[in-house]
Amino acid sequence: MNFKDKLFNTITYIASFCTIVFLFGIILSLFFEGLPVFKFTTIKDFIFNKDWYPTMNPPKFGILSLIVGSFVVTLGALAISIPLGLGAAIYTSEIANKKVKEILKPIIELLAGIPSVVYGLFGMAFLSPLLIKVFHLPIGLNAFNASIILGIMVVPIISSISEDSLSTIPQHLREASLALGANKWETIMKVVLPAAKSGVINSIILGFGRAIGETMVVLMVAGGAAQIPNSIFDPIRPMPATVAAEMGETAIGTPHFHALFGIAIILFIITFISILITEFVVMRKRK
Amino acid sequence: MTTIRRIKSFIGINFLRLFILLTASFLFLFLYVIFSKGGSVVNWEFLTHSPKRFMTEGGIYPAIVGTFWLTILSIGFALPLGIFTAIFMTNFAKPYWLVRIVRVAINTLAGVPSIIYGLFGLTVFVRLFKFDVSILSGALTLGVLALPVIINASEEAIRSVPKDFRDASLALGATKRQTILRVILPTALPNILTGAIISIGRVAGETAPILFTAATFYTRLLPKSVMDEVMALPYHIYALMTEGAHPAKQVPMAYGTAVVLLALVLLVSTVAIVIRYRIRKKRKW
């Protein structure tokens, strides 16, 4: 190898090494700034106490209600996006003819490209007053509103990944099923979907990760009350919203500042676990 | 028996249709609301003037400029890095374990919530490197966020180049580097660019990563250098909705800003979709 070849090779190594550096940079900065919060509270208290009063004297750093808030909106979002996204995937891959397909796919892609802050605006300025009117609620910015908006945001993720997986199912499986007398619906439910199971599960987990980490929508739409909700119509304050809302008002280096990084650690761990699960699903499928 | 099966099938398939219809009608309602409420706000003055009287009058020109610089710089940073990483991931024997680690790193980066990128940018670029709250800090943060998208798109583009091309080039005596730079990359380039364009749309619309690294609510001045803080379109929408004392005047302006941002993002992704469609039609292999 001459010098130029070696240089080129080295550059590709350095570039890909950067991805590892960035990942470690993220992890290190979270832990470096987040761990000091445990000088002021215990891990158990941090996670299982529901009192989040970071500016009181003495402050209380319990994030249980924020964690619960995150899971409530995320599950609410999945309840909407799984049927809609999976439905769209099955329809485009199994039923729609080519023309319909060519209209549907760009629609889903457009949906994926809409910035989250514009969804937030829609939830705040349009959906919230609408919900107040329809359901006679005192406040329109609540877990329900955030679930709807987040749910719509996750639809493109679930539908595009599920559809990829459905389209890799060999045609002869469908033909065999149809030849045995099963109709289209039975073929979809009993042959195609089970065969595409790992891809579908993958899409749902990725959708979960997207929904639990989404910031702007829950910041603008979820209502911002750090409490464990009694109903889906209560305002809540999910983890990302807390970090985004309070970081700007906190002096660097204060216990509150470290507590916000502590929340980010928990958030990172949850998303990291979901990523590991998808890796595991993919790996098992390869075997 | 068969009638029941037929009814089940009928109901099932129509439920799928209903779901599609719901999704599509939400999209149309959404676009209708944004464009009908914001469309009337957008005019020449709105696009070319600075905000006045604490955001209640004037335009969003500084925010457009800010988003432009943030986007250009972040893609300029992430694109070369992403392409080289994609080359690493796709070409020639590399140690398997290393490829595997890089793959996990990319997938993890792709799944990290955007607010965490914001904290990373705050810790590393703003404080450690002392870039302060600036275009540079924001663009680097956004660049790291865009990196996995660009890598994945480039990787897919490179993989779609037929193996014969590579083999032919190598058989003619070209080195790996020459093969990559003169045969594989030029063939994959349109697809790589499509990926880059898609990530432009993504980066331009991100808010959380620039909250603490680049964005400022109100400035009448345009940035003079990359070390200045800027207004940005997505952050401007958020700020108009949550700060300030005149919601009645700010909400229409937020809708107007949303129209500009959406038009930008939709335009960019439409361009990407059209380019990709053309490539697929023209391709001869």
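When I speak of a helix axis today, I mean a line fitted to C-alpha atoms over the stretch in contact, and the angles I quote run from 0 to 180 degrees between N-to-C directions. With that settled, let me say at once that what we are looking at is a predicted model, so every value I mention is computed from predicted coordinates.

I will use that definition straight away, on a pair of helices that meet across the two chains. The axes of helix H5 of chain A, residues 116–135, and helix H1 of chain B, residues 2–39, come within 11 Å and cross at roughly 80 degrees. Since angles of 65 to 115 degrees are put in that class, H5(A) is therefore roughly perpendicular to H1(B). On the chain A side the residues involved are Val118(A), Phe122(A) and Phe126(A), and they meet Phe30(B), Val33(B) and Ile34(B) in H1(B). Sorted by class, this contact of H5(A) with H1(B) consists of 6 nonpolar residues, with no polar and no charged ones.

Let me set beside that another pair, formed by H1(A) and helix H4 of chain B, residues 96–111, which pack at an angle of about 50 degrees with their axes 9 Å apart. That angle falls outside the parallel, antiparallel and perpendicular ranges, and H1(A) and H4(B) are therefore oblique to each other; their crossing is left-handed. Which residues of H1(A) meet H4(B)? They are Ser16(A), Thr19(A), Ile20(A), Phe22(A) and Leu23(A), and their partners in H4(B) are Ile101(B), Val102(B), Ala105(B), Ile106(B), Thr108(B) and Leu109(B). By class, the contact of H1(A) with H4(B) holds 8 nonpolar and 3 polar residues and no charged ones.

Stepping back to the interface as a whole, the contact takes 67 residues from chain A and 67 residues from chain B. On the side of chain A that touches chain B, helix H1(A), residues 3–34, gives the most, with 18 residues. The residues on that side of chain A divide into 45 nonpolar, 15 polar and 7 charged. As for the predictor's own assessment, it gives the complex an ipTM of 0.92 and a pTM of 0.92.

Now the chains one at a time, beginning with chain A. Its secondary structure comes to 12 helices and 2 strands, and along the sequence two helices are followed by the two strands and then by the remaining helices. The C-alpha atoms of chain A fill a box of roughly 75 × 70 × 30 Å along the principal axes, and buried residues make up 49% of its 287 residues. Of the contacts in chain A with a separation of 6 or more, 72% are between residues 24 or more positions apart.

Chain B has 10 helices and 2 strands, and its C-alpha trace spans about 70 × 70 × 35 Å along its principal axes. Of its 285 residues, 49% count as buried, and among contacts in chain B between residues at least 6 apart in sequence, 77% join residues at least 24 apart. The average pLDDT of chain B is 89, and 95% of the residues score at least 70. Among the elements of chain B, strand S2(B), residues 57–58, has the lowest mean pLDDT, at 76, whereas helix H5(B), residues 114–128, has the highest, at 96.

I would like to finish with some local backbone details. Most residues other than glycine have a negative phi, and most peptide bonds are trans. Against that background, a cis peptide bond joins Asn57(A) and Pro58(A), with omega at about -5 degrees, and Pro58(A) is found in the loop between strands S1 and S2 of chain A.

Two residues then deserve a look for their phi values. His136(A), in the loop between H5 and H6 of chain A, has a phi near 50 degrees, a positive value in a residue other than glycine. Is His136(A) buried or exposed? With 7 C-beta neighbours inside 10 Å, His136(A) counts as exposed, because the cut-off for that class is 12 or fewer. In chain B, Asp132(B) has a positive phi of about 60 degrees although it is not a glycine, and Asp132(B) lies in the loop between H5 and H6 of chain B. Asp132(B) has 15 C-beta neighbours inside 10 Å and therefore counts as partly exposed.

Notes. Residues numbered from 1 in each chain as written. Chains lettered and ligands numbered in written order. Predicted model: local features only at pLDDT ≥ 70, side-chain atom pairs only at ≥ 80, totals over all residues. Contact = placed C-beta atoms within 7 Å. Helix = DSSP H or I, 4+ residues; strand = E, 2+ residues; numbered from the N terminus. Nonpolar A, V, L, I, M, F, W, Y, C, P; charged D, E, K, R; others polar. Parallel < 35°, antiparallel > 145°, perpendicular 65-115°, else oblique. Left-handed = near helix turned anticlockwise from the far one by under 90°. Buried ≥ 20, exposed ≤ 12 C-beta atoms within 10 Å, placed from the backbone. pLDDT = per-residue confidence, 0-100.
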